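Student: Please pick one part of this model and go through it closely. Then follow its contacts outward and say what else in the backbone deserves a look.

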Amino acid sequence: MTPHTPVFCSIVPPHLLEHLARSSNPAVAAAARRTLIADASARTSRVLPLPGSAPTLAPADVGRPHRTVYDCERGTELPGTRVRAEGEEATGDATVNRAYAGLGATFDLFLNAFGRDSIDGSGLPLLASVHYDENYGNAFWNGEQMVFGDGDDEIFLDFTLPVDVIGHELAHGFTQHTANLEYFSQSGALNESVSDVFGSLVKQYALGQSADRADWLIGEGLFHPNVEGTALRSMKAPGTAYDDDVLGKDPQPAHMDDYVRTSRDNGGVHINSGIPNHAFYLFATELGGNAWERPGQVWYDVMTGGTLTPETRFSEFAAATVAAAKARYGDGEEIQAVLKAWAAVGVPTE
């Protein structure tokens with residue numbers, strides 16, 4: 001897979017949607033089945049270049065976002081009708097405005113924390129389509145753009161509500177243009193984890209939260225109030241994000257002893273991501289301060305350093321973070337903190 005091969009990456013894992021599709025609530029089951037069908041179609045669709053997706057930037061445009069939001073009007077034809085472009089006033093549609101703001105928040109993190117001009121480092125326009133399909137319970141990156149559903153109002157609310165969901169999906173584009181981790185097994189779980197890490201950093205940076213004040217939840221505010229759960233995933237405590245009669249229980253492990261071997265979900269990419277997620281949380285909270293600074297810089301250095309392969313496994317990624325911490329910070333507290341974090345989740349760094 002080349003760095004620009006489109007990959008369908010969704011925020012809600014298929015195992016969760018499959019569970020909902022078996023619900024005794026007809027409305028919940030129907031919405032989940034419809035979402036699974038839409039995901040299957042989007043996963044196999046050929047991605048065509050979108051209007052304005054490869055602009056020639058004038059010098060004055062470097063370091064500025066280039067956002068466009070489209071409205072699918074509950075259809076599935078992408079990108080939809082253009083409703084807000086860079087610099088235009090807010091619309092009367094809160095979903096459009098949240099998508100626009102979330103694209104900007106993600107751009108700001110990459111530029112201000114890491115000196116990266118958009119997710120590809122060369123000013124790539126950030127494109128989003130909202131109001132995708134009817135009762136669509138997901139959001140995804142298709143290799144070219146973001147797509148958001150409105151949810152079913154039974155389990156899921158509007159997918160533009162949590163800014164970390166927007167950051168998560170755009171971070172799949174960052175991975176696509178850097179380490180290009182294959183979306184299967186441990187490399188796929190790392191792909192998902194990197195998106196959770198940078199999605200959480202987008203939220204923390206936007207809110208000005210230090211590592212000890214952040215909630216470390218992915219998708220907090222996405223569930224309907226009737227759901228027994230706080231978020232899709234917890235980096236602080238994997239496996240505790242939800243425990244609901246309809247949703248089931250969060251299956252994420254926090255340690256290699258509990259690594260899940262499965263053929264579903266591309267080898268458990270949304271499940272086993274809990275292990276490297278928890279390592280980053282431990283690293284960030286051990287160091288304290290802002291997680292987008294030293295911890296985020298180490299993860300960014302690993303992703304952009306050219307040492308990873310598409311098939312990178314957890315232990316190889318862990319070793320790369322140790323090398324990156326040493327290269328940037330020497331033999332200080334950073335390297336000790338990252339070693340301690342990986343040891344705590346059972347991933348060797350040798």
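Tutor: A residue counts as buried under 20% relative accessible area, as exposed over 50%, and as partly exposed in between, with a 1.4 Å probe and the protein chains only. Helices (H or I, at least four residues) and strands (E, at least two) are DSSP runs, numbered from the N terminus. The model is predicted: local features need pLDDT of at least 70 and side-chain atom pairs pLDDT 80 or more, while totals for chains, interfaces and linings use all residues. Residues are numbered from 1 along each chain as its sequence is written, and side-chain values use heavy atoms, leaving out hydrogens and water.

The part chosen is helix 8, residues 294–304, which is mostly covered, with nine of its 11 residues buried. The buried ones are Pro295, Gly296, Gln297, Val298, Trp299, Tyr300, Asp301, Val302 and Met303. Contact here means heavy atoms within 4.5 Å. The buried residues of helix 8 pack against helix 3 (94–114), helix 4 (163–176) and helix 5 (185–207), and also against helix 7 (274–287), helix 9 (314–329) and helix 10 (333–344). Just after helix 8, the backbone of Gly306 takes a positive phi of about 80°.

Trp299 of helix 8 leads into the nonpolar interior. A nonpolar core is a set of buried Ala, Val, Leu, Ile, Met, Phe, Trp, Tyr and Cys residues joined through side-chain atoms within 4.5 Å. The largest such core has 87 residues, and Trp299 is, with Phe156 and Phe198, among those with the most contacts inside it. Helix 3 supplies the largest share of this core, 10 residues. Another core lies apart from it, with eight residues that include Cys72, Tyr132, Tyr136 and Val147.

Phe198 connects directly to the chosen helix. Leaving out residues up to four places away in sequence, Phe198 touches Gly296, Trp299 and Tyr300, along with Leu109, Phe110, Phe114, Ala171 and Phe174.

Helix 5, one of the packing partners of helix 8, also contains a backbone exception. Ser185 lies in helix 5, and the phi of Ser185 is near 55°, a positive value in a residue other than glycine. Ser185 is partly exposed, at a relative accessible area of 22%. Most residues other than glycine have a negative phi, and most peptide bonds are trans. A second positive phi in a residue other than glycine, near 60°, is found at Trp216. Trp216 sits in the loop between helix 5 and strand 7 (217–218) and counts as buried at 1% relative accessibility. As for peptide bonds, the one between Leu78 and Pro79 is cis, with omega about 5°. Pro79 belongs to the loop between strand 2 (67–71) and strand 3 (81–85).

Helix 7, another of the elements that helix 8 packs against, follows a loop that starts from helix 6 (265–268), and Ser273 is located in that loop. The relative accessibility of Ser273 is 0%, which places this serine among the buried residues. Neighbours within four places in sequence aside, Ser273 is in contact with Ala189, Glu192, Ser193, Asp196, Arg233, Gln252 and Gly268.

The strands give a second covered element to set beside helix 8. Two strands pair if DSSP finds at least two bridges between them. An open sheet of six strands has mixed pairing and the order 1-5-6-4-2-3. Strand 1 (9–10) and strand 3 stand at its edges with a single partner strand each, so one side of each has no neighbour in the sheet. Strand 4 (residues 126–130) is largely enclosed by the rest of the structure, because five of its five residues are buried. In a regular strand the side chains alternate between the two faces of the sheet. Both faces of strand 4 are covered, with Leu126, Ala128 and Val130 buried on one side and Leu127 and Ser129 on the other.

Strand 4 runs parallel to strand 2, to which five bridges join it, and parallel to strand 6 (residues 146–148), to which two bridges join it. Ser129 takes part in both pairings: Tyr70 stands opposite Ser129, and Val147 is the bridge partner of Ser129 in strand 6. Val147 is also one of the eight residues of the separate core.
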